[in-house]
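Here is a friendly walk through one protein model, meant for someone who is meeting it for the first time. Have a look at the picture, then read on.

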Amino acid sequence: MSALDIVALLAEMEAEEQRKSQAFANALASYSAPPSGAFFPPPEIALNLFGNFANKTTLPALPAVKRRVFYSFHYADIIRVNNVRNTERFKAKILEVPQSHYDRSLWESSKCTSPENLKRLIREGIENTSVVCVLIGTYTWARPWVRHEIARSVIDQKGLLAVDLNSIRHHHYRCSHPLGPNPLSFMAVGKMQDGTYRLFERNYRVMNGQWQWCWDFYGGYTAAVPLPKYLPNPAVGYVSPLDLGTFRYDACQNNVWENMPIWLNIAATRAGRD
């Protein structure tokens, strides 16, 4: 695909997210049984959309629980990522107070390791946390390791949320950038005929001679997974994309530097974490 094709694709993906709520409502009026083997969001979850705390004028009080978070991100966004990740540590040091939450994610040097070791590091890092926070740049949605980390959050029953980074001014260009697609809308949990749940990922590929968005079994983990407590229960033969039950915030508009501890606690509580 050419650069123009990629730009057009990203624009279409953003427009699709904006159309999602209306499309779900329309689906209620035109529902029919799915073809064999098809996996799409079921109409019965169409109106079971969750509100976004980011749009409220007030937030809950700061939790007493000090959460451990695993940040998932694309390494090309490392300057903006570290702008978010380092704030709590520096703030606690300057004010001489305990940190309100702790970062247990992998630093950029970890990407140099082998795939097997990286999988182990991700697994061990997420095991010791209660929440996975996806920091969204322009191309985060397409990164295989980000999808793997999102999958681990489901496997290990962790809280999950997403935060847009592109509103933070770029360190070189000194400006913000258009928001990237939500990676959580590209991962889903599907219900099988035997009543178990499996992970799915959304891919743009050729199907019946045309480029289409398709839900495929997630190849990085093929065993059964638990249905997240925050996610609507799909009907057999359907999927529930993870963005249906998770919150998405904007770093600048919603003040990630002040509100991250509250967001982490909301995500952990909704996932059933103590």
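## A first look

Of the 274 residues in the protein, 47% are buried. Keep in mind that this is a predicted model. The chain is built from six helices and nine strands. Contacts reach well along the sequence, too: among those with a separation of 6 or more, 74% join residues that sit 24 or more positions apart.

## The antiparallel sheet

Let's start with a sheet of four strands. It is open, its pairing is antiparallel, and its strands come in the order E7-E6-E5-E8. Which strands stand at the edges? Those are E7 (210–217) and E8 (239–241); each has a single partner strand, so one side of each is left without a neighbour in the sheet. On average, and ignoring direction, neighbouring strands here are turned by 35° against each other.

Now follow the pairs. E5 and E6 run antiparallel to one another and share five bridges, with Gly190 standing opposite Arg198 in E6. These two strands form a hairpin with five residues between them, and Gly195 takes a positive phi near 90° there.

Next comes the pairing of E6 (residues 197–207) with E7, again antiparallel, over eight bridges. Tyr204 faces Trp213 in E7, and Arg205 has Gln212 in E7 as its bridge partner. This hairpin has two residues between its strands, and Asn208 in the turn shows a positive phi of about 55°.

The sheet also has a helix packed on it. Helix H5 (residues 144–155) touches strands E5 (187–191) and E6, and its direction makes about 155° with that of E6.

## Salt bridges

How many salt bridges does a search of the whole structure find? It turns up five. Three of them are listed here.

| Side chains | N to O distance |
|---|---|
| Glu124 and Arg120 | 3.4 Å |
| Arg147 and Glu201 | 2.9 Å |
| Asp216 and Arg205 | 2.6 Å |

Glu124 and Arg120 are both found in helix H4 (residues 115–127), four residues apart, or about one turn of the helix. Are they buried, exposed or in between? Glu124 has a relative accessibility of 33%, so it counts as partly exposed. Arg120 is partly exposed as well, at 31%.

The salt bridge of Arg147 and Glu201 brings us back to the helix on the sheet. Arg147 lies in H5 while Glu201 is in E6, so this pair ties together parts that are 54 residues apart in sequence. Both residues are buried.

The salt bridge of Asp216 and Arg205 sits within the sheet's strands: Asp216 belongs to E7 and Arg205 to E6, and the two are 11 residues apart. With a relative accessible area of 17%, Asp216 is buried, because the cut-off for that is under 20%. Arg205 has 31% relative accessibility, so this residue counts as partly exposed.

## A covered strand

Time to move on to strand E4 (residues 159–164). How many of its residues are buried? Six of its six are. In a regular strand, side chains alternate between the two faces of the sheet. In E4, both faces are covered: Gly159, Leu161 and Val163 are buried on one side, and Leu160, Ala162 and Asp164 are buried on the other.

E4 pairs with two strands that we can take in turn. With E3 (residues 131–136) the pairing is parallel and runs over six bridges; there, Ile136 stands opposite Asp164 in E4. With E9 (residues 247–250) the pairing is parallel as well, over four bridges, and Val163 stands opposite Tyr249 in E9.

Helix H5 turns up here too. Together, E3, H5 and E4 make a right-handed β-α-β unit. That is the helix which also packs on the antiparallel sheet, touching E5 and E6.

## Cysteines

Last, a word on disulfides: the structure holds zero of them. What about the surroundings of two cysteines, Cys214 and Cys252? Cys214 is buried, with a relative accessible area of 7%. Cys252, at 36% relative accessibility, counts as partly exposed.

Methods
Residues are numbered from 1 along each chain as its sequence is written. This is a predicted model: local features need pLDDT of at least 70, side-chain atom pairs count only at pLDDT 80 or more; totals for chains, interfaces and linings use all residues. Side-chain values use heavy atoms; hydrogens and water are left out. Two strands pair if DSSP finds at least two bridges between them. Axes are lines fitted to C-alpha atoms, for helices over the stretch in contact, and angles run from 0 to 180 degrees between N-to-C directions. Contact means heavy atoms within 4.5 Å. A salt bridge is a side-chain nitrogen of Lys or Arg within 4 Å of a carboxyl oxygen of Asp or Glu. Buried means under 20% relative accessible area, exposed over 50%, partly exposed in between (1.4 Å probe, protein chains only). A crossover is right-handed if, with the strands pointing away from the viewer, the path from the first strand over the helix to the second runs clockwise. A disulfide is a pair of cysteine sulfur atoms within 2.5 Å.
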